[in-house]
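Visitor: I am new to this structure and would like a close look at a single part of it. Please choose one helix, follow its links to the rest of the chain, and explain each term along the way.

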Amino acid sequence: MDTKALALQEKDYIIGLRRWFHAHPELGGEEVRTTARIAEELRAAGVEAETFPDITGCVGTLRGARPGKTVMLRADIDALPIQEADTSKPYASQNPGVMHACGHDCHTAMLLGAAKLLAAHRDEIAGTVKFLFQMAEEIGTESRHYVEKGCLAGVDAIYGQHVWSLLPAGTYNLEDGPRMASSDRFTIRIHGQAAHGSAPHQGHDAVLAAAAVVMALQTLVSRVNDPQNTFVLTTGVMNGGTRDNIVAAEAELIGTTRAFDKAFRKTIPDLIRRTAEAAAEAYGCTAECTYFFGPAPLINEHRDLNEIARRAAEDILGPGALVPMERQMGAEDFSVYMDAAPGLYGFLGCRNEAKGAASPHHADTFDVDEDVLPLGAAIYARFALDFLNAK
Ligand code: NI
């Protein structure tokens, strides 16, 4: 089956869907209409569609004519709390304050396109293709629901891809190794003792201790961490105190960490706790630390699978389409699936200045070169077929 030719025949269908999803964006966890439309399109194509009573999103299942392995293709479906800047576009968001500013409308449309063309040729398929339309990717922790529901049971490989505004339309990137960072959150409560601001010696200043903790935490990056190891620690929130003339009894710090190394990442909570407790103690305060593990680093660990995707993308996009790209410090909860099944993740260039698609992801002017969408659908389909046919 020539997935590229078939996908190009479905170009209007795919772009039409992308525009419908773009015009009707829904926030993570609230993708009710989006899910209904996905299930409707899958069923119309002859693909079984499973929805869930407690969460949004949908899983499609297409059984080929012959038995074989199971491959899963994943798209995320949620939008962002952003007001679209240009409301004059015919497909502009009709939901004020909500916008598909990351391209998940494109992912949904590409995967529906792939499902439609694969379903029309199920007699040529040996094995099962599953289509995972995941809710709430932007929240960062919700992909686990589909794993907990058993959706990945029996899946031999899972493939995901993101349209990427840093890459020109028609190019593709899928490299071995770490591609996106972990994204974890720490909270530190500093407990001191209140006193009048004119008599600081009678209290223990939690605001001063919090300032010391913020400074000390940066030394984890500069002094404790191996300079060869990428590590980001950002304290984004600092709250404390009640009045201008009262020594603060309480303060709170909230921050994020990013890393690519799984073993190192596991040590971060302890490093933060040790440092925060010692820095706070110097000021007569105590520090109470909590650490929340978000998405793990996204690592393309399976060279054989990576090769299948790269060959598929190069065949569809043409020679020279594979381009290098620095790994990204952003996170992607696709990494949760990679713990449940062998997984891989690629980036499909969608930037085209001439068509007004040059804004970064999450900008209120974000848009894509829609001509890449049928090609992305073809890559999804082609990966699935080549994986199922691989010895
Ligand atoms: Ni995204």
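Guide: A residue is called buried when its relative accessible area is under 20%, exposed when it is over 50%, and partly exposed in between, with a 1.4 Å probe and protein chains only. This is a predicted model, in which local features need pLDDT of at least 70 and side-chain atom pairs count only at pLDDT 80 or more, while totals for chains, interfaces and linings use all residues. Residues are numbered from 1 along each chain as its sequence is written, and side-chain values use heavy atoms, with hydrogens and water left out.

The part to look at is helix α2, and a good place to start is Arg18, which is buried, as is Glu370. These two residues form a salt bridge in which the closest N and O atoms are 2.9 Å apart, the term standing for a side-chain nitrogen of Lys or Arg within 4 Å of a carboxyl oxygen of Asp or Glu. The pair links distant parts of the chain, since Arg18 belongs to α2 (residues 11-23) and Glu370 to the loop between β15 (343-351) and α10 (372-389), 352 residues apart. Such helices (H or I, at least four residues) and strands (E, at least two) are DSSP runs, numbered from the N terminus. Arg18 and Glu370 also belong to a network of salt bridges that links them with Arg19, Lys89, Asp105 and Asp367.

The loop that holds Glu370, between β15 and α10, is also where His362 lies. His362 has a phi near 75°, a positive value in a residue other than glycine, whereas most residues other than glycine have a negative phi. With a relative accessible area of 39%, His362 is partly exposed.

Helix α2 has a helical partner as well. Its axis and that of helix α3 (residues 32-45) come within 11 Å and cross at roughly 160°, where axes are lines fitted to C-alpha atoms, for helices over the stretch in contact, and angles run from 0 to 180 degrees between N-to-C directions. That angle makes α2 roughly antiparallel to α3, a label for angles over 145 degrees, set beside roughly parallel under 35, roughly perpendicular from 65 to 115, and oblique for the rest. On the side of α2 the contact is made by Tyr13, Leu17, Trp20 and Phe21, and on the side of α3 by Arg33, Thr34, Arg37, Ile38 and Glu41; contact means heavy atoms within 4.5 Å. Sorted by kind, the residues of this contact divide into five nonpolar, one polar and three charged, with Ala, Val, Leu, Ile, Met, Phe, Trp, Tyr, Cys and Pro counted as nonpolar, Asp, Glu, Lys and Arg as charged, and the others, Gly among them, as polar.

To place α2 in its setting, the protein has 10 helices and 15 strands, and 55% of its 391 residues count as buried. Its C-alpha atoms fill a box of roughly 80 × 50 × 45 Å, taken along the principal axes. Among contacts with a separation of 6 or more, 80% come from residues 24 or more positions apart. A search of the whole structure finds 31 salt bridges, one of which joins Arg18 to Glu370.
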